[in-house]
Amino acid sequence: MRATVAKFATAKNFQETEAVVRELVASGDPAVEKPLTALSEGDLYFRKSDSAVFIGKEAGQSVKLADPLTGVDAGEAAKAEVTKVKVNNTLRRVIRDALGTLTLGADDPAARLAAAQTMFKAPDPNSIEALDAAIAREQVASVKARLEQARASAVLVSDLPEVDKLAAIQVVAARGDRDALSLLTAFEAKAEGPLKEAAATAITTINSSLAIWAAGQNVWYGISLGSVLLLAAIGLAITFGVMGVINMAHGEMVMLGAYTTYVVQEVIRTSAPGLFDWSLAIALPLAFLVAAAVGFAIERGIIRFLYGRPLETLLATWGVSLILQQAVRTIFGPTNREVGNPSWMSGAFELGQLSITWNRLWILVFALAVFFALLFVMKRTPWGLQMRAVTANRRMAASMGIRTPWVDALTFALGSGIAGIAGVALSQIDNVSPNLGQGYIIDSFMVVVFGGVGNLWGTLVGALSLGILNKFLEPYAGAVLGKILVLVLIILFIQKRPRGLFALKGRAVEA
């Protein structure tokens, strides 16, 4: 092995260097990964005096040397005493593919899977023999399937007979993703006769499959957006439904929840970094309490004097929203604040051809949990019964001994608190800034009106419906025009059903 590595010192051009690379890979020895990686990164040197090859790291006017196979320290040499083995982009690609072939025998299935993926995207007929050996010894079914696909891609660029290439087309077509489509499209452009027809048929099949998966991806994006709208609107649904208050400061309750999350994470970063993965769990009750306290103060200090005057309520809460925005700007500054993702909310996974991010999935789960928890409070607790009684007929509820002013105050605090915990979730997917809530207030009102004022099931159906509709309109109309079209459709719908999808029933409501 050392004799082969030593040939890098005598290679006269890139072609000879590439031949040495292939000779090292053909050995199958994992130890060759070190010199090949160093060569790819421009860190392989040879000493002029004896042509000995080393891995080198420049340090001022000298180079720190290490053994190319073991990595053991080999002292230092002046820059003038060593020569760097030259490498270009073509050679780097060869090394990358070679390292992929080398990891086919790795102990870790994930490493073998990554190697198979790399070799599929960069097919090389010279790797067929290595792939055959890897397929024969592979025990993990998912990895074996990827290895077979990598072999099929290599067959398509090889000189093997037509029957082998027809079989390879079927294997690649079964993969059904965009990488397979790109490979078959390139192959079909050069193929002739039955091969060209088979490739064209496979391309048509993949395109049809991808169209279905694309629709499914749009549905997932719509559900994801709908869960965000549900979180932002669910608190508004109960305050608007029970109290009839047009609360323009609702978005700022969301903002307060997001900034509470930021403060919690800053404290954890400086005082207890090990608790970072628990930061959202810690922030949730605090965000609820902060937003609920502010909401309670707004209701007791302003809104209770304006019942029955919706326009003045709208203007007053709009003024409150401006005050809260400016207060946050004064305390935290006008720029975006960084809120990190815990490890369990980072990354994504593939489900067929769907790409699903963990943060969006957890937000969907969280939104449904909040929805059902609130539904339980509304339907199974004495306070929920009082809230529903006030919604149905305020005067009758008051005559039965229900303290309607306190129901109003606590309901407004509850709605604001839910908006605060919505801000915790939204901090994971949006910029935390003083304007955070402004992006959701209009959509929240649309969800509430469309679903039926004060009806939680209507809010759920409305949020998911509008989310999915938005995502299906965006590719054709763009984001801005898509929102306009959704608004127009809601206006037309409200003309036919003024009370929304699920209208509340009661004497006061019907009056």
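**Exercise 1. Describe the salt bridge between E58 and K79, and place both residues in the chain.**

Solution. Step 1: a salt bridge joins the side chains of E58 and K79, with N to O at 3.4 Å; the term requires a side-chain nitrogen of Lys or Arg within 4 Å of a carboxyl oxygen of Asp or Glu. The model is predicted: local features need pLDDT of at least 70, side-chain atom pairs count only at pLDDT 80 or more, and totals for chains, interfaces and linings use all residues. Residues are numbered from 1 along each chain as its sequence is written, and side-chain values use heavy atoms, with hydrogens and water left out.

Step 2: E58 lies in strand β2 (residues 53–59) and K79 in the loop between β4 (73–78) and β5 (82–84), so the bridge ties together parts 21 residues apart in sequence. Helices (H or I, at least four residues) and strands (E, at least two) are DSSP runs, numbered from the N terminus.

Step 3: E58 is partly exposed at 47% relative accessible area, and K79 is partly exposed at 35%. Buried means under 20% relative accessible area, exposed over 50%, and partly exposed in between (1.4 Å probe, protein chains only).

**Exercise 2. Where do E23 and K7 lie, and how many salt bridges does the structure hold?**

Solution. Step 1: the structure holds 14 salt bridges. One of them pairs E23 with K7 at 3.1 Å, N to O. This pair links distant parts of the chain, 16 residues apart: E23 is in helix α2 (residues 14–27), and K7 is in the loop between α1 (2–6) and α2.

Step 2: E23 counts as partly exposed at 36% relative accessibility; K7 is also partly exposed, with a relative accessible area of 36%.

Step 3: another salt bridge joins E299 to R300, with the closest N and O atoms 2.8 Å apart. E299 is buried, at a relative accessible area of 0%. Salt bridges that share partners also join K121, R175, D177 and D179 into one network.

**Exercise 3. Is T411 buried or exposed, and which backbone oxygen does its side chain reach?**

Solution. Step 1: T411 belongs to helix α17 (residues 404–426). The residue is buried, with 0% relative accessible area.

Step 2: the T411 side chain reaches the backbone oxygen of V407 at 2.5 Å.

Step 3: from T411 to Q170 the C-alpha to C-alpha distance is 61 Å, and the two are 241 residues apart in sequence.

**Exercise 4. Which residues form the nonpolar surface patch that includes L492?**

Solution. Step 1: the patch consists of V480, L481, I484, L485, V488, L489 and L492, with about 610 Å² of accessible area together. Patch residues have over 30% relative accessible area and no salt bridge; like charges are joined within 9 Å, and nonpolar side chains (Val, Leu, Ile, Met, Phe, Trp, Tyr) within 5 Å.

Step 2: L492 sits in helix α20 (residues 479–496).

**Exercise 5. Why is the protein chain called more spread out than a compact globule?**

Solution. Step 1: the chain has 21 helices and seven strands. Its radius of gyration is 32 Å, well over the 24 Å that the globule rule gives for 511 residues, so the chain is more spread out than a compact globule. The radius is taken over C-alpha atoms, and the rule is 2.2 Å times the number of residues to the power 0.38.

Step 2: along the principal axes, the C-alpha atoms fill a box of roughly 100 × 60 × 40 Å.

Step 3: of the 511 residues, 45% count as buried.

Conventions:
Areas by Shrake-Rupley, 256 points an atom, 1.4 Å probe, with all protein chains shown as cover. Polar contact = N/O pair within 3.5 Å; in protein donor to acceptor, adjacent residues only side chain to side chain.
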